[in-house]
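The following exercises are to be worked through with the sequence and the structure at hand. Each task is followed by a solution in steps.

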Amino acid sequence: MLVGWNGETLPDLSLEREIELASAAGYGGIELFVPKLRPFLERHSVADLAWMLEAARVQPLSMNGIENINLRSAEEFEDVKNECRWLAGISSQIGCKTIVVVPSPLPAGISREQVREETIGSLGDLADIAAKDGVGVAFEFLAPATCSVRTLTEAWDIVQATGRANAGLVFDTYHFHVGGSSWEALEAIDIDRVFIVHVNDAEALPLDQLTDAHRLLPGEGFFPLQQMFAALERRGYHGPYSLEVMRPAYRQRDPLEYTLAGLRACRAALEKAGVS
């Protein structure tokens, strides 16, 4: 199994330090948190980034990510497309194959069919931009009730409808469980179109009370992680698993201790589910 570190887990770390920590802890890959890229590139070149990743023996798993890609004005969507071009160009130079893209909140007065049609168009356009650099886009559905695309079923329908082979999915354990996705949906998707799995757990609260701040390291909460990971393994998923725990309280821990604890927790949860 390849276990990666998601840069949003410790957002205040510099990218340089994060790469060092991921390497020291033993992660096989890293999701590059986009807000860290611009300050990094003020100090370094893209070639420097490629060299650092190679020297650290840490694979770039994704650019994480482009937010609010759908339901935008024409002018706003031009900015989204420009960000996609920028990230795809960097990705091609460092060997990163995936850009994570995230849906917008749901505006008042819009129908589900409008959401579907506009999201298909937006995701397809971004997939076309990324494809020019040999990069894929991974669409991540989000659990909150305010989000425009909340379930695996909705996200997979949209990905299929784009007709783009380089459009796929992010499977996030938090969003899958909290957003009400079904086990039947996991059986229905093309598993080869799952580009990355985000790993996390959460406190045992009512689902409608959970937020990102309640996330926990895998095995510390109540999610049926073993069932999720076993289903992914049985379906034939062989891609990376990436720790993504946006819990403010954890950010007070020593960064190396935390990265080590996160890797141990991920591996333990995956091994318990029979993931090799």
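**Exercise 1: A threonine inside a helix**

A polar atom of the Thr-119 side chain lies 2.6 Å from the backbone oxygen of Val-115. The model in which this distance is computed is a predicted one.

Task. State which helix holds Thr-119, whether Thr-119 is buried or exposed, and which residues Thr-119 touches beyond four places in sequence.

Solution.
1. Locate the residue: Thr-119 belongs to helix α5.
2. Judge its accessibility: a residue counts as buried under 20% relative accessible area. Thr-119 has 0% relative accessibility and is therefore buried.
3. List the contacts: with residues up to four places away in sequence set aside, Thr-119 touches Asn-70, Phe-139, Val-149 and Ile-158.
4. Place the helix: α5 spans residues 112–131 and lies across β4, β5 and β6, at about 150° to β5.

**Exercise 2: The barrel and strand β4**

Task. Determine how many strands close into the barrel and in what order, and then describe how β4 pairs with β3 and with β5.

Solution.
1. Follow the barrel: 8 strands close in the order β1-β2-β3-β4-β5-β6-β7-β10, with parallel pairing. Neighbouring strands of this sheet are turned by 30° against each other on average, direction ignored.
2. Recall the general principle: strands of a sheet pair through backbone hydrogen bonds, either parallel or antiparallel.
3. Examine one side of β4: the strands β3 and β4 run parallel and are joined by 3 bridges. Opposite Val-101 of β4 stands Ile-66.
4. Examine the pairing with β5: β4 (residues 98–101) and β5 (residues 136–140) pair in the parallel sense over 4 bridges. Val-100 has Ala-138 in β5 as its bridge partner.
5. Consider the side chains of β4: Thr-98 and Val-100 point one way, Ile-99 and Val-101 point the other way, and all are buried.

**Exercise 3: Backbone exceptions**

Task. Identify which residues are joined by a cis peptide bond, and state where Asn-68 and Leu-71 are placed.

Solution.
1. Begin with what is usual: most residues other than glycine have a negative phi, and most peptide bonds are trans.
2. Find the cis bond: Asn-64 and Gly-65 are joined by a cis peptide bond with omega of about -10°. Gly-65 is placed in strand β3, residues 59–66.
3. Take Asn-68: this residue is not a glycine, yet its phi is positive, about 55°. Asn-68 sits in the loop between β3 and α4 and is partly exposed, with a relative accessible area of 29%.
4. Take Leu-71: its phi is positive too, about 60°, although Leu-71 is not a glycine. Leu-71 is placed in the loop between β3 and α4; its relative accessible area is 17%, so Leu-71 is buried.

**Exercise 4: Cysteines without a bond**

Task. State how many disulfides the structure holds, and explain why Cys-96 does not bond to the closest cysteine sulfur.

Solution.
1. Recall the term: a disulfide is a covalent bond between the sulfur atoms of two cysteines.
2. Count: the structure holds 0 disulfides.
3. Give the reason for Cys-96: the closest cysteine sulfur, in Cys-84, is 12 Å from the sulfur of Cys-96, which is too far for a bond.
4. Extend the argument: Cys-266 is in no disulfide either, and the nearest cysteine sulfur, that of Cys-96, is 19 Å away.
5. Add accessibility: Cys-96 is buried at a relative accessible area of 2%, and Cys-266 is buried at 1%.

**Exercise 5: Buried residues in two helices**

Task. Name the buried residues of helix α9, and state which residues Ile-90 contacts beyond four places in sequence.

Solution.
1. List the residues: in α9 (residues 225–235), the buried ones are Leu-225, Met-228, Phe-229, Ala-231 and Leu-232.
2. Interpret their arrangement: these residues cover an arc of only 160° around the axis, so they are on the same side of α9.
3. Look beyond the helix: Gly-236, just after α9, takes a positive phi of about 105°.
4. Turn to helix α4, where Ile-90 lies. Ile-90 counts as buried, at 4% relative accessibility.
5. List the contacts: apart from neighbours within four places in sequence, Ile-90 is in contact with Leu-41, Val-46 and Met-63.
6. Compare positions along the chain: Ile-90 and Leu-49 are 41 residues apart, and their C-alpha atoms are separated by 9.5 Å.

Technical notes:
Residues numbered from 1 in each chain as written. Predicted model: local features only at pLDDT ≥ 70, side-chain atom pairs only at ≥ 80, totals over all residues. Heavy atoms only, no water. Buried < 20%, exposed > 50% of the residue type's maximum accessible area, 1.4 Å probe, protein only. Disulfide = S-S within 2.5 Å. Pairing = 2+ DSSP bridges. Axes fitted to C-alpha atoms, helices over the stretch in contact; angles between N-to-C directions. Contact = heavy atoms within 4.5 Å. Arc of directions from axis to C-beta. Polar contact = N/O pair within 3.5 Å; in protein donor to acceptor, adjacent residues only side chain to side chain.
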